[in-house]
Amino acid sequence: LFQINPAHTRIMSSLSEILSLSNPVFKAYCGSAVLLGIKSFLTNFWILSLKLRNKVIMAPEDKILMSDAATPKTGFGVDHPDVKRGYAVLQNDFENFIQFYVLGGIYVVLGGSATWPFIVFPAGRYAHSFLYGVGIPGLRAIGFFAGLGSTFFLLYDIGQKTIPYW
C-alpha cells in the first residue's frame with residue numbers, strides 16, 4: 001500500500017546523524033541553547049529583584065501585592081531607571097537570540113562543521129548583559145560584537161551553501 005522512496009530513507013538517515021549528540025556541532029548548538037536559556041532565567045530573576053528592591057509594579061492592579069509600591073505614571077510599564085535597564089537587557093537578548101537560534105539550527109541541519117559560534121555567542125551575550133546591567137559604557141560592545149560576529153558567520157556560511165541554488 002505504502003512505498004518508501006529510497007531517497008527519503010537516505011535523507012532521514014542523514015538527518016538522524018546530523019541531529020545526534022554524536023555530532024559535535026549539534027551538541028554545541030544544544031549546549032548554547034541551554035546556556036542562553038539559563039541566562040534568560042537569570043535575567044528574569046535579576047529584574048524581579050530590581051522590582052522588589054525598588055518597589056516597582058508593572059500594572060496598577062499589582063498594587064495589591066505590594067501596597068507601598070509606586071503606581072506607574074503611565075498606567076502600565078516601568079518608571080524606575082534600574083528596572084528599565086533590566087528590561088532593556090532582556091529585550092536585547094530576545095532581539096539577538098531569535099536570529100541566532102534560527103540560523104544556528106539551519107547551520108546544523110546543513111551540515112556545518114564549526115562549533116565556535118555556539119561557544120562565542122553565549123559568552124558574548126553573558127558579557128554584554130553583565131556590562132549593560134552594571135552600566136559600563138563602551139565595554140559592552142565587546143560582548144555585542146562577539147555575538148554579532150558569530151551570527152554573521154552562520155549567516156555567511158548558510159548563504160554560501162544555499163545562494164548558488166536560487
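**Tyrosine 107**

I began with tyrosine 107 in this predicted model. Leaving out residues up to four places away in sequence, I found that tyrosine 107 touches Val25, Gly112, Ser113, Ala114, Phe118, Phe153, Leu154, Asp157 and Ile158. I then looked up the largest nonpolar core, which has 16 residues. Tyr107 is listed there with Phe100, Val108, Phe118 and Leu154 as the residues with the most contacts inside the core. I noted the helices that each supply at least two residues of this core: helix 2 (24–53), helix 3 (81–109), helix 4 (117–134) and helix 5 (140–162).

**Overall make-up**

I recorded five helices and zero strands for the protein. From the N terminus on, I read the order of elements as α-α-α-α-α. Of the 166 residues, I noted that 34% count as buried. I also looked up the contacts with a separation of 6 or more, and 65% of these join residues 24 or more positions apart.

**Helix 2 and helix 3**

I next took up the helix pairs, since two packed helices are described by the angle between their axes and the distance between the axes. For helix 2 and helix 3 I found an angle of about 165° and axes 10 Å apart. Angles over 145 degrees count as roughly antiparallel, so I entered helix 2 as roughly antiparallel to helix 3. I recorded their crossing as left-handed. The residues of this contact divide into 17 nonpolar, eight polar and four charged.

**Helix 3 and helix 4**

For helix 3 and helix 4 I found a packing angle of about 175°, with the axes 10 Å apart. I therefore entered this pair as roughly antiparallel as well. On the helix 3 side I listed Arg85, Ala88, Val89, Asn92, Asp93, Asn96, Phe97, Phe100, Gly104, Tyr107 and Val108. On the helix 4 side they meet Pro117, Phe118, Phe121, Arg125, His128, Ser129, Tyr132 and Gly133. I noted the division of the residues in this contact as 10 nonpolar, six polar and three charged.

**Helix 4 and helix 5**

I found that the axes of helix 4 and helix 5 come within 7 Å and cross at roughly 155°. I therefore entered helix 4 and helix 5 as roughly antiparallel to each other. Helix 4 passes helix 5 in a left-handed crossing. From helix 4, I listed Pro117, Phe118, Val120, Phe121, Gly124, Arg125, Ala127, His128, Leu131 and Tyr132 in the contact. From helix 5, I listed Arg140, Gly143, Phe144, Ala146, Gly147, Ser150, Thr151, Phe153 and Leu154. The residues of this contact divide into 11 nonpolar, six polar and two charged.

**Two loop residues**

I looked up asparagine 23 and placed it in the loop between helix 1 (6–18) and helix 2. The cut-off for buried is under 20% relative accessible area. Asparagine 23 counts as buried because its relative accessibility is 15%. Leaving aside neighbours within four places in sequence, I found asparagine 23 in contact with Glu17 and Ile18.

I then turned to lysine 55, in the loop between helix 2 and helix 3. Most residues other than glycine have a negative phi. Lysine 55 has a positive phi of about 50° although it is not a glycine. I entered lysine 55 as partly exposed, with a relative accessible area of 37%.

Definitions and conventions: Residues are numbered from 1 along each chain as its sequence is written. This is a predicted model: local features need pLDDT of at least 70, side-chain atom pairs count only at pLDDT 80 or more; totals for chains, interfaces and linings use all residues. Side-chain values use heavy atoms; hydrogens and water are left out. A nonpolar core is a set of buried Ala, Val, Leu, Ile, Met, Phe, Trp, Tyr and Cys residues joined through side-chain atoms within 4.5 Å. Buried means under 20% relative accessible area, exposed over 50%, partly exposed in between (1.4 Å probe, protein chains only). Helices (H or I, at least four residues) and strands (E, at least two) are DSSP runs, numbered from the N terminus. Contact means heavy atoms within 4.5 Å. Axes are lines fitted to C-alpha atoms, for helices over the stretch in contact, and angles run from 0 to 180 degrees between N-to-C directions. Angles under 35 degrees count as roughly parallel, over 145 as roughly antiparallel, 65 to 115 as roughly perpendicular and the rest as oblique. A crossing is left-handed if the near helix is turned anticlockwise from the far one by less than a right angle, and right-handed if clockwise. Ala, Val, Leu, Ile, Met, Phe, Trp, Tyr, Cys and Pro count as nonpolar, Asp, Glu, Lys and Arg as charged, and the others, Gly among them, as polar.
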